[in-house]
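Here are some exercises to work through with the model open beside you. Try each task yourself before you read its solution.

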Amino acid sequence: MGQPVNLGIVGCGAISAQYLQTIDRLPQVNLVAVADLDLDRAREAVRPYAGVEVLSVPDLMADARIDTVLNLTIPAAHAEIALQAIAAGKHVYCEKPLAATGADARRVLEAAAEAGVRVGCAPDTVLGTGTQTARVAIDDGLIGRPVAATATMLTPGHERWHPNPDFYYVPGGGPLLDMGPYYISSLVTLLGPVATVIGAAGRTRAKRTIGKGPRQGEEIPVLVDTHVTGVLVHESGALSTLVMSFDAVATKAPNIEVHGELGSLVVPDPNHFDGTVLLTRLGEKDAAPLPVSAGYEEAGRGVGLIDFAFGREPRAGGTLGIHVLDIMESLLASAKSGRSVDVESTCERPAPVALGNSAAAG
Ligand SMILES: NC(=O)c1ccc[n+]([C@@H]2O[C@H](COP(=O)([O-])OP(=O)(O)OC[C@H]3O[C@@H](n4cnc5c(N)ncnc54)[C@H](O)[C@@H]3O)[C@@H](O)[C@H]2O)c1
């Protein structure tokens, strides 16, 4: 094993519990302290975990024991917190999207390169056995030459369950910037980077009503498109069709399908680590499950941090994160202009993940 990651978490809201559970069982990661604008929320979040300190954000940034900051704040604060951590000489792993805008994400990556620190970015779900097994199937030629994919996410919207859903309906949110990172990171892992996009988008209403928690019944403004569709033209020539919506009730469509000349794959939900990959071969009627062949087993949110322990470029990394953000911004720009838009950045497909338990990964 490499050096342990000495971690500080900034942002102790809804998603932090999942990270805290994973980190607690990862021997590579030593959680030193947490911070939040709301210190009571931070105290409550780490109550089950003995020895974790609660600090103000400036004190956490200044703490020499901490070498890596896990940024679980809202998208509008991602860049600001990441830049503070980088200025303090710390690596950063950030929840998605990497920043609310591509310009902010570029500032983060440039500052990190100058400071000689690494940037990681969610989603790390695509490092799990679901997407990774599908990747191996494609790399091994089981579907022949990949030609197309579909990616479908339709829900009525997160305000039905999230107690503070404001960030989902302002720039940096919406179904595309919120859920797109899972689907597009998976598509780039499976089919490689994207060269050009064509988008169309709409929104059904100007306000949403909070459905749960202390603010139940409160109306919040909708400042972003809430149904986004598009086509991604991969550098390989493969075409992915994307539908991301907070305006629909439900769907029976698979989360992701990948079609090749010799076979079609059903890829499990990229918002989860595992799930069954199904293959239908040309000439066969039924889909058959593929055995799990790659990826972190028994993984949880936070396994993307493992790469920091080994000094390698994070596979859930900043270069992929910025490419995914560029694809999403290009889709929205295309929807606005009615023209196709070339994606500014590119990236390598992240290195594959060998089959193994995340706690023992090396
Ligand atoms: N909620 C989910 O199910 C979920 C799932 C996956 C990813 N995410 C991502 O995780 C991130 C956080 O989401 P959440 O649902 O936990 O949000 P949340 O609103 O519940 O929590 C965010 C926390 O960050 C704190 N915060 C905001 N700005 C800050 C700042 N400048 N300094 C310090 N603390 C600050 C807030 O006080 C709050 O406690 C988002 O990027 C979101 O997209 C959320």
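**Exercise 1.** Find out how many bridges join strand β7 to strand β13, and which way the two strands run.

Solution. Start with β7 (residues 146-154) and β13 (residues 256-260): 5 bridges join them, and they run antiparallel. Strands here are DSSP runs of E of at least two residues, helices are runs of H or I of at least four, and both are numbered from the N terminus. Two strands pair if DSSP finds at least two bridges between them. As a landmark, T150 of β7 stands opposite E257 in β13. Before you go on, note that this is a predicted model, in which local features need pLDDT of at least 70, side-chain atom pairs count only at pLDDT 80 or more, and totals for chains, interfaces and linings use all residues. Residues are numbered from 1 along each chain as its sequence is written.

**Exercise 2.** Now place β7 in its sheet: what is the strand order?

Solution. First look at β12 (residues 239-245), which runs parallel to β7 and is joined to it by 7 bridges. A148 stands opposite L239 in β12, and L154 stands opposite S245. Then widen the view: 9 strands form an open sheet with mixed pairing, in the order β16-β15-β14-β13-β7-β12-β11-β8-β18. The edge strands, β16 (288-289) and β18 (341-342), each pair on one side only.

**Exercise 3.** Describe how helix α7 meets helix α9.

Solution. Step one is the geometry: the axes of α7 (residues 174-191) and α9 (residues 318-337) come within 9 Å and cross at roughly 120 degrees. Axes are lines fitted to C-alpha atoms, for helices over the stretch in contact, and angles run from 0 to 180 degrees between N-to-C directions. The crossing angle therefore makes α7 oblique to α9 (under 35 degrees is roughly parallel, over 145 roughly antiparallel, 65 to 115 roughly perpendicular, and the rest oblique). Step two is the contact, where C-beta atoms placed from the backbone lie within 7 Å: α7 gives residues including L176 and I184, and α9 residues including V324 and L331. Step three is character: the contact residues divide into 11 nonpolar, 3 polar and no charged. Ala, Val, Leu, Ile, Met, Phe, Trp, Tyr, Cys and Pro count as nonpolar, Asp, Glu, Lys and Arg as charged, and the others, Gly among them, as polar.

Note on methods. Contact = placed C-beta atoms within 7 Å.
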